[in-house]
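I opened the notebook to look up helix packing, sheets, backbone exceptions and the largest pocket. The entries follow in that order.

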Amino acid sequence: MIRVKFLPSNKMVEVPAGTTILQAAIAAGVQVESTCGGKGTCGKCLVQLSPEKLSPPSPVEKKFLSQAQLSAGWVLACQRMLQEDTVVNLREQKDAYDRKIGFNPVVEQTSVTPSVRKYLVSLPKPSTEEQTPDWERLLSALDRPGIRFSRPVAAYLPRVLRRSNFQVTAVLDGDTLLAVEPGDTLGRCYGLAVDIGTTTVVVYLLDLNKGTVVASGAVTNPQNAFGADVIARITHAASGPEGLHQLQEKVVGGLNDVIARLCHEHDVRPEEIYQAVVVGNTTMSHLFLGIDPTYLAPAPFIPVFRQAVEVEARELGLNILATGKVIVLPNVAGYVGSDTVGVMLAAGVDRLRGINLIIDIGTNGEIVLVGRGRILTCSTAAGPAFEGAEIKYGMRAAEGAIEGVRISADVELDVIAGGKPRGICGSGLIDAIAEMYKAGVLDSSGRLASADAQLQKLPPLVRKRLRKEGRGMEFVLVWGTDSATGEDIVLTQKDVRELQLAKGAIMAGARILLREMGVGPEDIDQVLLAGAFGNFIKKESALGIGLLPPVPLQRIVAIGNAAGDGAKMALLSTVERERAVNLARRAEHIELSNTKEFQQEFVKSLSFSRTGK
């Protein structure tokens, strides 16, 4: 065994010699970005070792890393096998989680009728004349004879009753007795709304008495060490029970870290959190519950379950009240999950008038079309380009990410948290491509300008940024002297193609749903963009590259993290929870792989022209 120390966290782990740095990081519970799940195809798992201890770089490292990086000790974590005690420096990346959680909550409009209720009761004391058992005595005082016996609650009931002089607070979830607490605790009643995204996990702590959000927090989904997309994680889970256990343990561990932080910061004990409502795509729901998702990957994409699922927190290892209920909202299909149901709930799709198109843009693009008494859904495999993966200098929405681009006489940038850029996130990528198309740096087919006639039309400083690299062209967004890494930050022809494939899949899915309903883009009354990504992309840029149907700008509305909002609503209201179940039942799923026209629409949607021609 050898010891590996990770800086700056100072986390230490012992692993067998021959373990890769990436495997050691997973064992230590530290975050190393690995878009490809350790296959050596993404070049994202950069870590730094002491240069004097470095062995020669692998062919994969030579492909992805510059000579300056190699000389400074940067290596790829998936390529380095450890043979001795090692200190590993991780790149610090402050993710911009406020982009995911900093929206106006919808809970103000939700009636507060949670299923968790507290009751203060005073019990008559037992005596030699009155020998009713403690459990029966409690149920009699509650006047709820239908409550089922709970061994965990009964185990400590005698002590709780006598230490509190037989005045206690009973915590019920419907007809289930969750806990009996000494004295009057009516004022302290909490729940969690959880949105498990493929990239980011968001947790909201709510006061169930007041119906308000006490706090929120987020963490990068720790499963990302096994790959950036759901297919990579399904593949890992399919490798055997250990793979499935690792994925379940990672996401629950990440949740517990956020829960512990929120509890500490707001003086809440974990056992005062009595319920959690969870949403996520179908794969994330399966992995969170520790259910094998293997057959979601191949056609016909069959999930293990579709209905809402309810389990006790202790079954999952979630650090709230052990007997508290964890409710996962229902899925619609293999690639339309409870997060989309949350979006539909928050958007109030059953109350919308006219034709409404809802798009949640991410690694998978979930699309909902509502109108004419129907709710149509589909999912498109947009790939991880919108999350910055598969892009040469792509990164998550974190400190140092380019999020806005303007091109006139030269290139101007907006960078998250200011300072020097180190890469580009999804919203910046869409902005950059839209501006490059508008300026003539690339044409409607996505080809970067290379002919003299094209180049001569560009401003001199913009023209200078176009250069030949290998067999293709690339466009320099940031010169090395102005970047945080000292390297030029570029968009390659391959990067443009990745974005084209992603946006083409989204647009093709939308067109198929419109065709199924018998309407056209001109009939759309509103386009609702869900998720943090939809909230931060510029509408003009999204329209400019044909990511969205050609509708007037004012008809496009960002609705924030609607999946998380739906989870909050279902937590606070039994009526809204039932609505979520009914919406999932009503939804008609269109499986695009079975649709003859999809390939035709996809090819048409690759064009950057708004008309798709």
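Entry 1, helix pairs. I looked up α8 and α9 and found them roughly perpendicular to each other, because angles from 65 to 115 degrees count as such (under 35 is roughly parallel, over 145 roughly antiparallel, the rest oblique). Helices here are DSSP runs of H or I with at least four residues, strands are runs of E with at least two, and both are numbered from the N terminus. The axes of α8 (residues 241-265) and α9 (residues 282-289) come within 7 Å and cross at roughly 90 degrees. An axis is a line fitted to C-alpha atoms, for helices over the stretch in contact, and angles between N-to-C directions run from 0 to 180 degrees.

I then listed the residues in contact, meaning heavy atoms within 4.5 Å. From α8 they are L244, L247, Q248, V251, V252 and L255, and from α9 they are L287, F288 and L289. By class, this contact has eight nonpolar residues, one polar and no charged. The classes are nonpolar for Ala, Val, Leu, Ile, Met, Phe, Trp, Tyr, Cys and Pro, charged for Asp, Glu, Lys and Arg, and polar for the others, Gly among them.

Next I took α7 (residues 230-237), whose axis comes within 7 Å of that of α8 and crosses it at roughly 130 degrees. That angle makes α7 oblique to α8. R233, H236 and A237 of α7 meet G243, L244, Q246 and L247 of α8. I count this contact as three nonpolar, three polar and one charged.

Entry 2, provenance. I note that the model is predicted, that local features need pLDDT of at least 70 and side-chain atom pairs pLDDT 80 or more, and that totals for chains, interfaces and linings use all residues. Residues are numbered from 1 along each chain as its sequence is written, and side-chain values use heavy atoms, with hydrogens and water left out.

Entry 3, the six-stranded sheet. I traced an open sheet in the order β25-β24-β15-β16-β17-β26, with mixed pairing. Which strands stand at the edges? They are β25 (556-558) and β26 (588-589); each has a single partner strand, so one side of each has no neighbour in the sheet. Two strands pair if DSSP finds at least two bridges between them. β24 (residues 526-530) and β25 run parallel and are joined by three bridges, with V527 opposite I556 of β25. Helix α11 (residues 338-347) packs on this sheet, touching β15 (356-360), β16 (365-371), β17 (374-380) and β24, and its direction makes about 40 degrees with that of β16.

Entry 4, the five-stranded sheet. I read its order as β2-β1-β5-β3-β4, open and with mixed pairing. β2 (11-15) and β4 (74-76) are at the edges with a single partner strand each, so one side of each is left without a neighbour in the sheet. From one strand to the next the twist averages 35 degrees. Two bridges join β3 (residues 46-48) to β5 (residues 86-90), and the two run antiparallel; V47 has L90 of β5 as its bridge partner. Helix α1 (residues 21-28) lies across β1 (2-7), β2, β3, β4 and β5, at about 120 degrees to β2.

Entry 5, a hairpin. β18 (residues 401-407) and β19 (residues 411-415) run antiparallel with five bridges. I found three residues between them in the hairpin, and R406 has E412 as its partner in β19.

Entry 6, backbone exceptions. Most residues other than glycine have a negative phi, and most peptide bonds are trans. I found a cis bond joining L7 and P8, with omega about 10 degrees; P8 is in the loop between β1 and β2. A second cis bond runs from A299 to P300, with omega near 10 degrees. P300 lies in the loop between α9 and β13 (309-312), and so does F301, whose phi is positive, near 60 degrees. N165 also has a positive phi, near 55 degrees, and lies in the loop between α6 (151-163) and β7 (167-173).

Entry 7, the largest pocket. I recorded about 1100 Å³ of space in it. A pocket is an open set of points on a 1 Å grid over the protein atoms alone, where a 1.4 Å probe fits, with protein on both sides within 12 Å along at least five of seven lines; lining residues have an atom within 4 Å of a point. Points are joined across faces, edges and corners, and the volume is the space filled by probe spheres set on them. Of 36 lining residues, G43, K44, F64, K392 and Y393 lie nearest the centre. The lining has twelve nonpolar, eleven polar and 13 charged residues. α2 (59-64), α3 (67-71), β22 (472-478) and α15 (493-517) each supply at least two of the lining residues.
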